[in-house]
Amino acid sequence: MMLKKKSIMSLVLLTVFAFPFVCGFVPAFAAEKEVKIGVIYPMTGPIATVGKHAKDAVQLAVDIVNDKYSGLSFKLAPTTGLPNLGGAKIKLEVGNSQGQPEFGRAEAERLITLKGVSALFGCYQSSVTKTASQVAERYRTPFVTGISTAPDLTERGFKYFFRTTLTDAIFADNFMTFLEDLNKKKNAKIKNIGMFYENTEFGVSTFEAIKKSAAKHNFKIVSNIKFPFGSAELDSEIAILKKDKPDFVFCSIMISDLILFVNTSKKLGYDTAGMAGFGGGFMEPELVKTLGADANYFMTRDVFSLDLVNKIPLLAKVNKLYKDKYGVDFDGNSVRAFVGMMVLADAINRAGSTKKEAIRDALIKTNYPADQLIVAWDGVKFDKKGQNVLGKGIIRQIINGQLKTVWPFNIAATDIIFPMPKWKDR
């Protein structure tokens, strides 16, 4: 009797567990896996707008991987999820650095230990990326940055750190070549340069890069001005620029400080023939939105421009998706965040695993082709330090409220306006 009851119970259990499969249903315990990736950006604070744009770009990249986008030629666009992981979808776990290194470190710790992410991505400011990636290295967790440019980030001997964007050292060399070309094309007669930079990892590293590159190219630094990030006023610093009179000024400055800088320069009547930024606030839509015509003629180093759509087939399509969803065009920061996440997703798919060592090994072997990018690079391939060696830089200038490619001159979308008109002549 007991044996018969056991047989009946076994039959019932078999029916309960087998019925969903027979009928085409999959029970919850067999649902497809998720791949958790931690993303750290400044979601609050003075540069929260930058963080939002970057996070939105990362989310779009994840959407393209997770859902079917048959109209795009990305390898992972036509499928649902990551094919080598059985269709597993990427889930973002977002951390808020608040633009501060200590918060970036804490968020990295939280995302790894409590959220169980397989990789980390971020962080925008190099100082935050430095502390967050130290945590990742300790936990042997792959860390990819798409935006942070401080050269020493890839000089620490880390085994789990990878950077898809160019370094400030490369950008600095681009700037010096640009000045040489400007002297030839416009008879600019630039000899002396100034550096105006914030007292952060970003600011100090870019100054060091400019100092080294200027020496190699025989330009003299006559103005070396470091100011506090998040300044309440910049009158005294700009007065020094007026006194030193550099022929060309390079800046490392975030959006809120840059808006203050421009307004103060106009108030004090400080004019310079040319000024270019290491990205930062110069790349932000908020600059033109806030300052209007006063933002014109400033320049920035960049890796991306919408006026390159004829040279990069994917760019127009992906930018339309981004703008339709978030209401703004890509900028140099958000586009690099998008590229970095696509490269990381490709590596995870090639790894075919959520294991951190497998993802790291796949990143090491990355050879991401140019036709899969929305920037004018030759591809993404990492050297032994984790630095992409196939990136290229451009210079853009704000003309009639829009950033336009003005260098290299052979691919320029429009002629550079140099010297900048003086405030009284605008």
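What follows walks through the sheets, two loop residues, the pockets and the cavities of a predicted model. Local features are described at pLDDT of at least 70, side-chain atom pairs count only at pLDDT 80 or more, and totals for chains, interfaces and linings use all residues. Residues are numbered from 1 along each chain as its sequence is written, and side-chain values use heavy atoms, with hydrogens and water left out.

Start with the sheets. Helices (H or I, at least four residues) and strands (E, at least two) are DSSP runs, numbered from the N terminus, and two strands pair if DSSP finds at least two bridges between them. One open sheet has 5 strands with parallel pairing, in the order S2-S1-S3-S4-S5. Strand S2 (89-96) and S5 sit at the edges with a single partner strand each, so one side of each has no neighbour in the sheet. Neighbouring strands here are turned against each other by 25° on average, direction ignored. Axes are lines fitted to C-alpha atoms, for helices over the stretch in contact, and angles run from 0 to 180 degrees between N-to-C directions.

Strand S1 (residues 34-41) pairs with S2 in the parallel sense over 8 bridges. Along this pair, Lys36 has Lys91 of S2 as its bridge partner, while Ile40 stands opposite Gly95 in S2. S1 is largely enclosed by the rest of the structure, because 6 of its 8 residues are buried; buried means under 20% relative accessible area, exposed over 50%, and partly exposed in between (1.4 Å probe, protein chains only). Helix H4 (residues 126-138) lies across S1, strand S3 (119-122), S4 and S5, and runs at about 160° to S4.

The other open sheet described here has 7 strands and mixed pairing, in the order S7-S6-S8-S9-S10-S13-S14. Its edge strands, strand S7 (220-227) and S14, each pair on one side only, and the twist averages 25° from one strand to the next. Strand S6 (residues 192-198) runs parallel to S7, joined by 7 bridges; in S7, Ser223 is the bridge partner of Gly194. Helix H5 (residues 168-186) lies across S6, strand S8 (248-252), strand S9 (275-277), strand S10 (299-302), S13 and S14, at about 160° to S8.

Now for two loop residues. Gln100 is found in the loop between S2 and helix H3 (101-113), and counts as partly exposed at 30% relative accessibility. Its C-alpha atom is 8.7 Å from that of Gln125, although the two are 25 residues apart along the chain. Thr149 belongs to the loop between strand S4 (143-145) and strand S5 (161-163), and counts as buried at 3% relative accessibility. Beyond its neighbours within four places in sequence, the contacts of Thr149 (heavy atoms within 4.5 Å) include Ser126, Asp168, Phe171, Arg301 and Arg336.

Thr149 turns up again when the empty space is mapped. On a 1 Å grid over the protein atoms alone, a cavity is a set of points where a 1.4 Å probe fits but cannot get out, and a pocket is an open set with protein on both sides within 12 Å along at least five of seven lines; lining residues have an atom within 4 Å of a point. Grid points are joined across faces, edges and corners, and a volume is the space filled by probe spheres set on the points. The whole structure has 4 cavities of 30 Å³ or more. The largest cavity holds about 90 Å³, and of its 13 lining residues, Tyr124, Ile147, Thr149, Phe202 and Arg301 are the closest to its centre. That lining has 5 nonpolar, 6 polar and 2 charged residues (Ala, Val, Leu, Ile, Met, Phe, Trp, Tyr, Cys and Pro count as nonpolar, Asp, Glu, Lys and Arg as charged, and the others, Gly among them, as polar). The second largest cavity, about 70 Å³, has Phe261, Tyr270 and Trp423 among its lining residues.

As for the pockets, the largest has a volume of about 520 Å³. Of the 24 residues lining this pocket, Pro285, Asp329, Gly401, Gln402 and Leu403 are the closest to its centre. Helix H9 (285-291), strand S13 (394-399) and strand S14 (402-407) each give two or more residues to the lining, with the largest share, 4 residues, coming from H9. The second largest pocket has a volume of about 180 Å³, and its lining has 9 nonpolar, no polar and 2 charged residues.
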